Amino acid sequence: MKRFLSRLFIPQESNNHRALILQPSFLGIFIAVYLLNQSLLQSLTIARPGILGYSSEITPDKVWVLTNKERQKQDLPALQYNSILSESAAAKAKDMFAKNYWAHSSPNGESPWDFFRDAGYQYSIAGENLAKDFYDTESLLKAWMNSPTHRANIVNSKYQEIGIGVVNGVLNGMKTTLVVEHFGSPLNGRVLASAPVTPASATAENFGPATSLHPINPALVGKILGSVMFAIIIGVLIIDSYITLKNRTSRLTGSSASHVAFLAIILALLIFSRQGTIF
Amino acid sequence: MMTVFREIRKHPLNYLILFLLFLFIGILLFTFRFDSHNQRRIIYLAAALYLGWSLYHHYRRGDLSLSIFIEYLLLALFALIVVAATL
């Protein structure tokens with residue numbers, strides 16, 4: 001066992017002066033193990049929908065408060081909370097769960113404006129922001145504010161009202177929370193304000209059957225496994241370079257410096273990448 | 001690490017190109033740090049540049065072989081699979 005581990009990590013005559021882990025056959029095993037893990041996770045989404053997914057503590061009232069905070073920073077008036085707009089936002093989120101899509105337009109070709117009209121909101125100007133897989137409202141708002149198109153909706157001086165739908169459900173076999181912001185200004189100029197501190201808006205709605213409260217985050221599992229594998233390869237590349245120098249071994253292999261640089265970029269991205277997706 | 005520096009000193013232009021390519025990738029990743037769709041595309045570009053650089057570097061060194069290219073290809077493929085699965 002000790003000898004095998006030594007061959008695995010340390011270049012020596014028995015492994016042709018290249019740690020086994022860095023040889024193509026073992027790199028292939030790394031890929032196979034990673035793909036097997038992903039296949040198992042994928043099978044779980046089909047066999048037990050809702051086991052995998054993203055938990056969230058986002059509520060409509062938190063999104064409304066933080067959206068208005070961003071507007072306040074730009075000296076813009078606060079958006080009034082409109083329950084009709086909230087109905088259209090929640091309907092959009094439920095439609096994405098029901099038809100299993102993640103986009104502004106549905107597979108049937110319904111645009112966001114159809115949801116405004118179906119809810120009975122007559123608008124002169126309207127907009128939509130979408131988000132999924134976020135855990136907290138602060139990160140969600142930060143992501144929207146760092147995207148020029150989503151930011152343009154949040155700090156648009158022409159909007160007077162907002163409705164927010166926060167709905168939990170299962171999308172593509174994974175439990176997630178969809179957040180939909182619908183912005184608008186009424187056609188007749190009349191602003192119908194309503195406070196969001198009702199039980200419906202202080203908590204997220206649920207769509208579909210109840211699922212586990214703390215699902216296993218598949219991206220996190222993949223990220224941890226990938227990071228560990230990359231860290232092992234980087235470590236072995238450094239050990240391999242050191243021993244090759246010490247023994248003055250001449251061999252025909254790829255450039256360790258370029259491998260370390262490339263893998264370090266990917267590792268840094270895995271470690272520092274943020275939660276959630278916006279659209 | 002000394003062997004890495006010795007290798008870099010032997011082929012400064014090759015490694016300067018690699019440094020500039022990865023610096024460009026780093027800037028792109030920072031610019032799109034809140035946009036996972038584009039981050040994924042940037043990593044696909046990084047993998048393509050890495051493979052292109054490996055061909056150029058080993059061709060210039062005169063030791064370009066299939067086994068070396070497969071080594072780069074497998075590492076690039078592994079990175080792409082992990083990034084596609086997590087971002």
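Modeller: Helices (H or I, at least four residues) and strands (E, at least two) are DSSP runs, numbered from the N terminus. By that reading there are 10 helices and 6 strands in chain A. This is a predicted model, in which local features need pLDDT of at least 70 and side-chain atom pairs count only at pLDDT 80 or more, whereas totals for chains, interfaces and linings use all residues. Residues are numbered from 1 along each chain as its sequence is written, and chains are lettered from A and ligands numbered from 1 in the order in which they are written.

Colleague: What is the secondary structure of chain B?

Modeller: Chain B has 4 helices and 0 strands, and its elements run α-α-α-α from the N terminus on. Its C-alpha atoms fill a box of roughly 40 × 25 × 20 Å along the principal axes.

Colleague: Why is A:P60 called buried or exposed?

Modeller: A residue is buried if 20 or more other C-beta atoms lie within 10 Å of its own, exposed if 12 or fewer, and partly exposed in between, with C-beta atoms placed from the backbone. A:P60, which lies in helix α3 (residues 60–73) of chain A, has 29 other C-beta atoms within 10 Å and is therefore buried. Of the 279 residues of chain A, 38% count as buried; of the 87 residues of chain B, 32% do.

Colleague: What makes A:N16 count as buried or exposed?

Modeller: A:N16 has 11 C-beta neighbours inside 10 Å, so this residue counts as exposed. Its place is the loop between α1 (2–9) and α2 of chain A, and its phi is near 60 degrees, a positive value in a residue other than glycine.

Colleague: How do you know whether A:N100 is buried or exposed?

Modeller: The count for A:N100 is 12 other C-beta atoms within 10 Å, and A:N100 is therefore exposed. This residue is in the loop between α4 and α5 of chain A, with a positive phi near 55 degrees, again in a residue other than glycine.

Colleague: Which residues of helix α5 of chain A are buried?

Modeller: In α5 (residues 112–119) they are A:P112, A:F115, A:F116 and A:A119. They lie on the same side of α5(A), because they cover an arc of only 100 degrees around the axis; the arc is that of the directions from the helix axis to the C-beta atoms.

Colleague: What do the buried residues of α5(A) pack against?

Modeller: Their partners are α4 (83–99), β2 (123–132) and β4 (174–186) of chain A. Two residues are in contact if their C-beta atoms, placed from the backbone, lie within 7 Å. Just after α5(A), A:G120 takes a positive phi of about 95 degrees.

Colleague: Why are α9(A) and α10(A) called roughly parallel or roughly antiparallel to each other?

Modeller: Angles run from 0 to 180 degrees between N-to-C directions, and axes are lines fitted to C-alpha atoms, for helices over the stretch in contact. Angles under 35 degrees count as roughly parallel, over 145 as roughly antiparallel, 65 to 115 as roughly perpendicular and the rest as oblique. The axes of α9(A) and α10(A) come within 10 Å and cross at roughly 155 degrees, and the two helices are therefore roughly antiparallel.

Colleague: What do the residues of that contact of α9(A) with α10(A) divide into?

Modeller: Ala, Val, Leu, Ile, Met, Phe, Trp, Tyr, Cys and Pro count as nonpolar, Asp, Glu, Lys and Arg as charged, and the others, Gly among them, as polar. Among the residues that meet are A:F230 and A:I234 in α9(A), and A:L263 and A:L267 in α10(A). The contact divides into 13 nonpolar, 5 polar and 2 charged residues.

Colleague: How many residues does the contact take from chain A and chain B?

Modeller: The contact takes 38 residues from chain A and 40 residues from chain B. On the side of chain A, α2 (24–47), α9 (218–247) and α10 (256–272) each supply at least two residues, and α10(A) gives the most, with 11. That side of chain A divides into 20 nonpolar, 16 polar and 2 charged residues.

Colleague: What makes α10(A) roughly parallel or roughly antiparallel to α2(B)?

Modeller: α10(A) and helix α2 (residues 12–31) of chain B pack at an angle of about 5 degrees, with their axes 11 Å apart. α10(A) is therefore roughly parallel to α2(B). Residues that meet include A:A261 and A:I265 in α10(A), and B:F22 and B:I25 in α2(B). By class, this contact has 9 nonpolar, 2 polar and no charged residues.
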